[in-house]
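Here are my notes on the model, written as a list you can follow with the structure open beside you. Take the points one at a time and find each spot as you go.

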Amino acid sequence: GNQANSHKLVTCVETWSVERVQYFIAVACKLYRARVIVAYTLQRIVIALSFKQAMSSNIFASGCSAGLLPRSAPPQARSDERRQNGVIKKDSGSQEDLSFQDLTSIEKERRQLLLRSELPFWRILSYYRGTSLRAVVSDSLVWTTLLIYVWIRWRANTIDYVPAAVAMMEKTNVNILGGFLSFFLVLFVNQTNDRFLEMYGFSKACSGRIQDIAGVAKTQLPYEVADRLVCHFNAAHIAGYVGLNAIGMGSPYSKTFFFDHYNAENNLLTPGEMKILSHHDMDNSGLCMKELTTWCQQDVTDARIAGHIDTYQEKFFHDKILAFRAAMDGMYDYTDQPPHFFYIHFLVLLSALYLPLFAIDTAFTGGWGAEKAIGLDVLQGIIVFLQCI
């Protein structure tokens with residue numbers, strides 16, 4: 001029995017050529033080397049970005065952003081310090097402001113999208129807005145890949161002989177590159193999904209801290225003091241979303257059509273308080289939110305000095321206010337630092353190289369001469385399209 005098994009093993013090994021074994025070893029070494037290079041490069045980029053951000057921060061500017069300068073400070077001095085807070089400030093008017101009606105319409109459509117996930121599959125497939133199809137239709141790489149496949153298959157159906165290139169293409173193995181790309185795509189999708197959930201958690205945390213303050217203030221503070229504190233807190237919340245215009249891809253919320261609307265509707269800030277904040281460019285900076293947050297802390301301190309609350313209650317208020325600012329700053333941090341451009345460029349480069357090669361490889365294996373079939377061409381064309389998506 002051992003002799004028979006040994007004979008089978010030798011026969012199996014002999015079917016593998018030395019060149020094929022060397023080929024698989026070389027591919028494995030290249031994949032491992034590429035993984036090490038990518039990991040090392042990403043690590044160096046993270047270290048460089050962290051060092052640059054740490055060196056560009058300014059302690060005095062951070063104090064100014066928190067409203068530590070007197071409210072009567074000259075606007076020019078505060079404006080100069082605002083430009084040193086490390087925020088990427090955009091040019092005014094870089095994005096068209098949406099009216100409050102537009103924002104309401106977008107929110108209604110977003111709510112409808114949330115309910116679509118519970119529909120049957122045939123209803124889900126009937127939608128176009130809010131799906132990946134809108135991005136696929138406008139993606140030139142998808143159509144370029146499909147055109148390459150269609151041209152090769154059209155050429156195959158117009159000739160009756162088998163080109164010499166077909167035999168050469170049989171020696172290639174594009175599937176290895178596809179598995180390598182899929183690995184990085186899965187990591188990228190998981191990272192972006194985690195970022196979305198984290199930012200959503202920050203957003204809901206801000207609302208939760210406002211509810212905490214409002215509930216405690218109503219039961220422990222006089223009406224006038226509690227009303228002023230809650231108004232300042234809600235104004236800081238709204239100003240925070242408007243300030244997101246300063247970084248990243250911007251925000252659909254503007255001071256004119258978002259903050260001013262809610263301020264006029266709920267009387268959050270008085271004309272005198274709005275004049276004090278007028279030196280802040282709310283549409284292009286998050287410093288207005290930070291100063292309003294500091295006003296909330298000052299309101300709590302004034303309430304303790306007036307004898308409305310004790311030091312323990314004051315600490316509770318301050319903890320909730322600082323937790324709100326930390327959650328809002330978390331959204332600013334994520335918006336200011338999207339996924340690394342090196343990572344995005346690496347995925348785009350791999351996709352731009354792999355998809356045309358996959359289309360060529362699939363088209364050449366679709367049959368030539370007497371082996372060609374229209375049905376097989378259509379089936380493999382669908383496979384190419386799915387790979388592009």
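1. Let's start with one residue: Gln 297 lies in helix α14, which covers residues 287–305. Helices here are DSSP runs of H or I at least four residues long, strands are runs of E of at least two, and both are numbered from the N terminus. Is Gln 297 buried or exposed? Gln 297 is buried, because its relative accessible area is 16% and buried means under 20%, exposed over 50% and partly exposed in between, using a 1.4 Å probe and protein chains only. Leaving out neighbours within four places in sequence, Gln 297 is in contact (heavy atoms within 4.5 Å) with His 318, Ile 321, Leu 322 and Arg 325.

2. Before going further, a word on what you're looking at. This is a predicted model, so local features need a pLDDT of at least 70 and side-chain atom pairs count only at 80 or more, while totals for chains, interfaces and linings use all residues. Residues are numbered from 1 along each chain as its sequence is written, and side-chain values use heavy atoms, leaving out hydrogens and water.

3. How confident is the predictor? pLDDT is its confidence in each residue, from 0 to 100; the protein averages 77, and 75% of the residues score at least 70. Residues 4–16 stay under 50, and the model gives them 2 contacts beyond four places in sequence. Over residues 38–94 the pLDDT is also below 50, with 67 contacts beyond near neighbours in sequence. Where pLDDT is low, the predicted coordinates should not be read in detail.

4. Now the overall picture. The protein has 17 helices and 0 strands, and of its 389 residues, 33% count as buried. Take the contacts with a separation of 6 or more: residues 24 or more positions apart account for 75% of them.

5. Next, have a look at helix α15. Its 26 residues, 311–336, should span 38 Å at 1.5 Å a residue, and the end C-alpha atoms are 36 Å apart, which agrees; the expected span is 1.5 Å times one less than the number of residues. The buried residues of α15 include Phe 317, His 318, Ile 321 and Arg 325. Its buried residues pack against α10 (175–220), α11 (223–243) and α14.

6. Still on α10 and α15, try Glu 198, which lies in helix α10. With 40% relative accessibility, Glu 198 counts as partly exposed. Its C-alpha atom is 8.8 Å from that of Gly 330, although the two residues are 132 residues apart along the chain.

7. What about the cysteines? A search of the whole structure finds 0 disulfides, a disulfide being a pair of cysteine sulfur atoms within 2.5 Å. For Cys 296, the nearest cysteine sulfur is that of Cys 231, 9.9 Å away. Cys 296 counts as buried, at 0% relative accessibility. Cys 206 is also at 0% and counts as buried.

8. Finally, check a loop. Asn 267 is found between α12 (255–266) and α13 (271–276). Its phi is near 50°, a positive value in a residue other than glycine. Most residues other than glycine have a negative phi. Is Asn 267 buried or exposed? Asn 267 is exposed, because its relative accessible area is 60%.

Conventions
pLDDT is the predictor's confidence in each residue, from 0 to 100.
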